[in-house]
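Student: Could you go through this structure with me, a bit at a time? I'd like to begin with the aromatic rings and then move on to something else.

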Amino acid sequence: MYTPSIILSLIFANLLLFSGYPPTEAAGGSWRLLQRNVGISAMHMQLLRNDRVVMFDRTDFGPSNLSLPRGKCLRDPNANIKVDCTAHSIEYNVITNTFRPLMVHSDVWCSSGAVFPDGTLVQTGGFNSGERRVRMFKPCPTCDWEEIQLGLSARRWYATNHILPDGRQIIIGGRRQFNYEFYPKNRATQKVFDLRFLAETNDNQIENNLYPFVFLQPDGNLFIFANNRAILFDYTKNRVVRTFPAIPDGEPRCYPSTGSAVMLPLKVDAKSIEVEVLVCGGAPKGAFTKANSGVFVEALRTCARIKITDRNPQWVMETMPQPRVMVDMLLLPNGNVLLINGGSAGTAGWEIGRKPVLNPVVYHTNNPRGKRFELQNPTKIPRMYHSTAILLRDGRVLVGGSNPHALYNFTGVLYPTELRLEAFSPSYLDREFSYLRPAIQFPVSPSKLRHGQALKVSFTVPGKVDPTRLSVTILSPSFNTHSFSMNQRLLILGSRKYRLRGNLKYEVEVTIPASGNIAPSGYYILYLVHKEIPSEGVWVQIQ
């Protein structure tokens, strides 16, 4: 007798299996084309709590391939097309593999965002008409974008957002903005706050410190990385708590020498939480200037890893299988990291990236140094500048975008504007591991949890269970653009009090982190992982 949650899981799995186009079969993961044309180029992406993904490009480079409904049109005197009746944003339904047009009212190009604790996407800044806008999108079947014209105190273009423990967002940097601000605002936070570190990391006429890499720490401070170095920052007192050494090779890693970064999974059941940050890829000094002169130098092939909680933290260098610029880094449910998208020469920017890297790479976080990188099966679609990637609840990775042009351009160019949407399935979804794959019976999506709550997770596994290799992880879905996933964090809750509850039925007990510094209030995807094979996730809201 199947429970309702198992029936829903089976329906969801079958919809995913039979939607889209035939997959690319090979070892090391597989690819499936989902849509040949979603109408827009997915420069920005965010997964919401209803298994729908909001995507958008920009409003100032001509009509898209998707019309707005009911005669709607955007009127913008600064755009190439003054009256544009086409969509520049969509909502993609993961379960049904369908999409609908959305209407943004200002230019969202190179903007940033994060999700409020109630599940509302808050998206900030952009270009020209959008530079001080705040936009909100609530997850409902008929919702559309709402905008606040002067919601920001400063112009924000190429900034980074991060959710804070109290539910506010901090918005850091942007072009010619060496400061930060908060949203929503109160009497004490109407102004902007200087951040000298951003001025210090600004390379003259090149920058290399846009879209800084920001991660909230268990002590409540922010780790901020820009260019080739990092600080620990107390945003409540506007002071630098700690300065970390520069990456040994001294090479830039932020836009336009675009690499990427993740905070590695936090093991929150440990007596003291160790924090490590991994930074990969980018372009060497001078690459941006050379690329604009037609010389495309090889991208960086190094990663740098640092344990920032050490007394004397030092970067440890590693070598990737290929050089990579404009690489996206995604935390997988089992704690490993996926490197995907990008090129192996040039930099980010209009027409100056070269040599697409088609193979994803899995970085095995806990393997010995020198044995961490595993090459995956390649896609057939180059994903260059303005590509995106996010993790879905079922463990697949949604990949879209790629538009290195000032306009939509489909012919006569090296890398045409890309409207196709595809999914990469890491090898943990291979059929050969089905006997290891757990299926969560409780909690069910969506569930509300409290900070500090003890939670019993019940599940089934077709094969034999190894209780020493069980863990529960929770993932905060990220806002992805320009090769950085804002607000991405994976918490490993571990497992204790393992019990057999019947034929092929089991239970483990975990504790939800008590601190909002570790798990800010909001929506997460909860996974059960067995021998590195994750279950399909369930949505939980931590309050």
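Tutor: We can talk about ring pairs first, then charges over rings, and then a sheet, keeping in mind that this is a predicted model.

Student: Okay, how many aromatic pairs are there in the whole structure?

Tutor: A search of the whole structure finds 29 aromatic pairs. One of the pairs joins phenylalanine 56 and phenylalanine 479, whose ring centres are 6.2 Å apart and whose planes are at 45°, so this pair counts as tilted.

Student: Where in the chain do phenylalanine 56 and phenylalanine 479 sit?

Tutor: Phenylalanine 56 belongs to strand β4, residues 52–56, while phenylalanine 479 belongs to strand β39, residues 479–481, so the pair links distant parts of the chain, 423 residues apart.

Student: And is phenylalanine 56 buried or exposed? What about phenylalanine 479?

Tutor: Phenylalanine 56 is buried, because its relative accessible area is 1% and buried means under 20%. Phenylalanine 479 is buried too, with a relative accessible area of 0%.

Student: Can you show me another pair like that?

Tutor: Take phenylalanine 213 and phenylalanine 484, whose ring centres lie 5.0 Å apart with the planes at 40°, so this pair is tilted. Phenylalanine 213 is in strand β17 (residues 213–216) and phenylalanine 484 is in strand β40 (residues 484–486), which means that the pair ties together parts 271 residues apart in sequence. Phenylalanine 213 is buried at a relative accessible area of 2%, and phenylalanine 484 is buried at 0%.

Student: Which residues do ring pairs link into a cluster?

Tutor: The cluster linked by ring pairs consists of Trp109, Phe127, Trp157, Tyr158, Tyr211, Tyr255, Trp350 and Tyr385. For tryptophan 109 there is something to add, since arginine 58 lies over its face, at 3.8 Å from the ring centre.

Student: Which arginine lies over the face of phenylalanine 296?

Tutor: That is arginine 354, which lies at 4.0 Å from the ring centre of phenylalanine 296.

Student: Switching to sheets, what is the order of the strands in the open sheet with four strands?

Tutor: The order is β9-β10-β11-β12, with antiparallel pairing. The edge strands, each pairing on one side only, are β9 (112–115) and β12 (146–148), and the twist from one strand to the next averages 20°.

Student: What holds strands of a sheet together in general?

Tutor: Strands of a sheet pair through backbone hydrogen bonds, and the pairing can be parallel or antiparallel.

Student: So how many bridges are there between β9 and β10?

Tutor: There are four bridges between β9 and strand β10 (residues 121–124), which pair in the antiparallel sense. As an example of bridge partners, valine 115 has leucine 121 in β10.

How values were computed. Residues numbered from 1 in each chain as written. Predicted model: local features only at pLDDT ≥ 70, side-chain atom pairs only at ≥ 80, totals over all residues. Heavy atoms only, no water. Phe/Tyr/Trp six-rings, centres within 6.5 Å; stacked < 30°, edge-to-face > 60°. Helix = DSSP H or I, 4+ residues; strand = E, 2+ residues; numbered from the N terminus. Buried < 20%, exposed > 50% of the residue type's maximum accessible area, 1.4 Å probe, protein only. Lys NZ or Arg CZ within 6 Å of the ring centre and 35° of its normal. Pairing = 2+ DSSP bridges. Axes fitted to C-alpha atoms, helices over the stretch in contact; angles between N-to-C directions.
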